[in-house]
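Good morning, colleagues. Please turn to the structure as it comes up on the screen; I shall begin with the contact between two chains and then move into one of them.

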Amino acid sequence: MTLWAKLRPYGMVAPAILVFSLFFIYPIFYMIYLSMFDWNFVSPTKAFVGLQNFQDLLSEEDFRKVLTNTSIYTILTVTLTTGLALLLALWLNKRNIFHGFVQGAIFSPHIISLVSISLLWSWLMDPEYGLLNWVIGLVGFGKLQWLSHPSTALVSLVMVAVWKGVGYNALVFIAGLQSIPADIYEAASLDRSKPWTTFTKLILPMLSPTIFFLVIINMIGSFQVFETIAIMTQGGPINSTNTLVYYIYENGFRFFKIGYASAAGVILLIIVGILTIVYFKLLSNRVHYR
Amino acid sequence: MAKIELRNISKKFKDDTVIPNLNLTIKDGSFTVLVGPSGCGKSTTLRMVAGLEQQSDGDIWIDDKCVNDTPPGLRDVAMVFQNYALYPTMTVRGNIEFGLKNRGVAKTDRNTLVTDISEIVGLAPYLDKKPQQLSGGQRQRVALARAMVKQPKVFILDEPLSNLDAKLRGQMRTELIQLHKRLGTTFVYVTHDQVEAMSMGDQIVVMNKGVIQQADSPMKLYHDPENLFTAEFIGTPAMNTMSMKDVRGLDVQANGYIASLGFRPEQALLNAGPEVRGHVIEGEIVTRESLGAEQIYQIRTGGGVFFVKTFLAPLATADRVKVTIPYEHLYYFGPGGERLRAGIEAGAKQLVQAGGI
């Protein structure tokens, strides 16, 4: 084998490895390194504080609120997006013009930038002039405060996330449903299977890889929610929508507590890592792959 | 056990008429094979019996009950699909007992039934495996077991062997025949393979373009085809046919107009002596296929290319041969492909002396 033939595969993957190392691996390690320092981004010296940042974080009331907010947001977003998408997919899993149109319509939020979506929903949810309050007013309900009240703000953000994600999720579910051969349904009907039995005993298990994939993707995405919060609520009112990534951003780039923000980043990394591992270990046994 | 009757059945897909008007009685306890080229409507017919497809018009009777509006699960029909259609997320046991569970059969009874059936089809060691861990033949058995365990009145099999290799297919074929004998249930079987049809069926329904060409026993189909289509469809190699225009040296007296002539490759004789009374064609051997016990020759003659099959005879090595077809083995067909039987007298053309005193 010539030298070139030996080196060629390495040469081929080198650019990808380089980019990955530079923008993913290196920052992760640098973040872990920074989490053990007290630094304000501009001073030439960093003061080593060991695990003090972590100690401070975990004892802080705000940070615990942030973790709770993030968990509630994630659980609600993931279950609602995946559940609604599955229902939509079951309904849309036929080929006609109307279903094609609906499918396109619910998918379109996926390709709109989050900034536009955030602005759009801020208007819709405006307590005084918003369309949503006008509509519920027509039905006879009182006005909701939406983003302006601690009790409704987080749920309002969940609504936006579900609205954006459900079309994409439904599309993936439709693809999953269409990979189920028609004769499975026919065999089930000959076996006197009722629609509900067919759904729970055959369709759901066969969709399990799809569900698994979507839950993982949605969960990681929700844990890292940032844009909607930055634009719509800035973590407020009274910290009710402050989530982990927004908290990291505020500490790092507004209060310039880089070490502190890095420590929170490490905690986010650990949480997402643990969730992913647990999920894979726990559920991969129950997921059916063809 | 059940008799199945299809009365004036038609099936349209949008504007496309797949089956114009079909009448068929499938006898109780018979092994009926629907056979025909792909797209002839045989699978559609089968699926209408199972209730997976609704006929556009006509009635389907199973025993004394019109099942037009009966859903598939309540027709007492079990089906084996071409791709088996096993439930991939369930174990072999789960697949077999799914239908029983849906009928509310008690657990102890289910276990007995599943154990019995898996013994019969040889699946006992695999009950806790998933279908994708099984070979093609084993999956086939699971599909059979799933159908059998419901003890249906009618077994419907849609090309069940077409995904198996040749050897396994032969083995499963005999197993299916034995299974039919043992159960005595009505089997309706669809295939495009006439060899499969001939070897398994006791009634064979030959279909083409949604129309039944002939429904008969295998031997009747082979020896006494009702039309050109059946004659050419049944038998390997197929029956040789030629247009009457191309036939030389044959004198036929007939009541009707004969459009074409046919003979079976295995009834033609190579280089027979003059004692055999028959139609003689001279030709050139193009190819020889020697399969051991039998040889198949492709012979080019003035009237086209023919096949001749001989048994346990030495391989003919000459390039030019004389093919003799005994007169009684000639088949005659009318212009519409219909078989002409009555009043046909064949003989060698007499040379008429021209001129002279």
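A salt bridge, as I use the term, is a side-chain nitrogen of Lys or Arg within 4 Å of a carboxyl oxygen of Asp or Glu. By that criterion, chain B and chain A share 2 salt bridges. Please bear in mind that this is a predicted model. One salt bridge brings together the side chains of Lys150(B) and Asp191(A), with an N to O distance of 2.7 Å. Polar contacts between chain B and chain A come to 9 residue pairs, with both residues at pLDDT 80 or more.

Which elements of chain B supply at least two residues each to the side that touches chain A? They are helix H1 (42-50), strand S6 (77-80) and helix H2 (92-102). Of the contributions to that side, the one from H2(B) is the most, with 3 residues. Sorted by class, the side of chain B that touches chain A holds 13 nonpolar, 6 polar and 4 charged residues.

Let me turn to the extent of the contact. Chain B contributes 23 residues and chain A contributes 17 residues. About 1,900 Å² is buried between the two chains, and carbon and sulfur atoms give 61% of that area. On the chain B side, the residues that lose the most area to chain A are Tyr87(B), Thr89(B) and Asn102(B), which together account for 27% of what that side buries.

Tyr87(B) deserves a further word. Setting aside neighbours within four places in sequence, Tyr87(B) is in contact with Ile184(A), Ala187(A), Ala188(A), Asp191(A) and Leu202(A) across the interface, and with Asn95(B), Phe98(B), Pro131(B) and Arg146(B) in chain B. Asp191(A) is also the partner of Lys150(B) in the salt bridge. In addition, Tyr87(B) is listed with Val154(B), Ile156(B) and Val188(B) as having the most contacts inside the largest nonpolar core, which has 55 residues. Another core lies apart from that one; its 40 residues include Leu100(B), Val114(B), Leu134(B) and Val206(B).

Next, chain B as a whole. Chain B has 8 helices and 21 strands, and its C-alpha atoms fill a box of roughly 100 × 45 × 35 Å along the principal axes. Of its 357 residues, 51% count as buried. Among its contacts between residues at least 6 apart in sequence, 67% join residues at least 24 apart.

One charged residue is worth examining: is Arg110(B) buried or exposed? Arg110(B) sits in helix H3 (residues 107-120) of chain B, and it counts as buried because its relative accessibility is 11%, below the 20% cut-off. Beyond residues up to four places away in sequence, Arg110(B) touches Glu97(B), Leu100(B), Lys101(B) and Val105(B).

I close with backbone geometry. Most residues other than glycine have a negative phi, and most peptide bonds are trans. Against that background, Tyr84(B) has a positive phi of about 70 degrees, and Ala85(B) has a positive phi near 50 degrees. Tyr84(B) belongs to the loop between S6 and H2 of chain B, as does Ala85(B). Tyr84(B) counts as buried at 7% relative accessibility, and Ala85(B) counts as buried at 3%. Finally, a cis peptide bond joins Thr236(B) and Pro237(B), with omega about -15 degrees; Pro237(B) lies in the loop between helix H8 (228-233) and strand S11 (240-243) of chain B.

Notes:
Residues numbered from 1 in each chain as written. Chains lettered and ligands numbered in written order. Heavy atoms only, no water. Contact = heavy atoms within 4.5 Å. Buried area = accessible area lost by both parts, 1.4 Å probe. Polar contact = N/O pair within 3.5 Å; in protein donor to acceptor, adjacent residues only side chain to side chain. Helix = DSSP H or I, 4+ residues; strand = E, 2+ residues; numbered from the N terminus. Nonpolar A, V, L, I, M, F, W, Y, C, P; charged D, E, K, R; others polar. Core = buried A, V, L, I, M, F, W, Y, C linked by side-chain atoms within 4.5 Å. Buried < 20%, exposed > 50% of the residue type's maximum accessible area, 1.4 Å probe, protein only.
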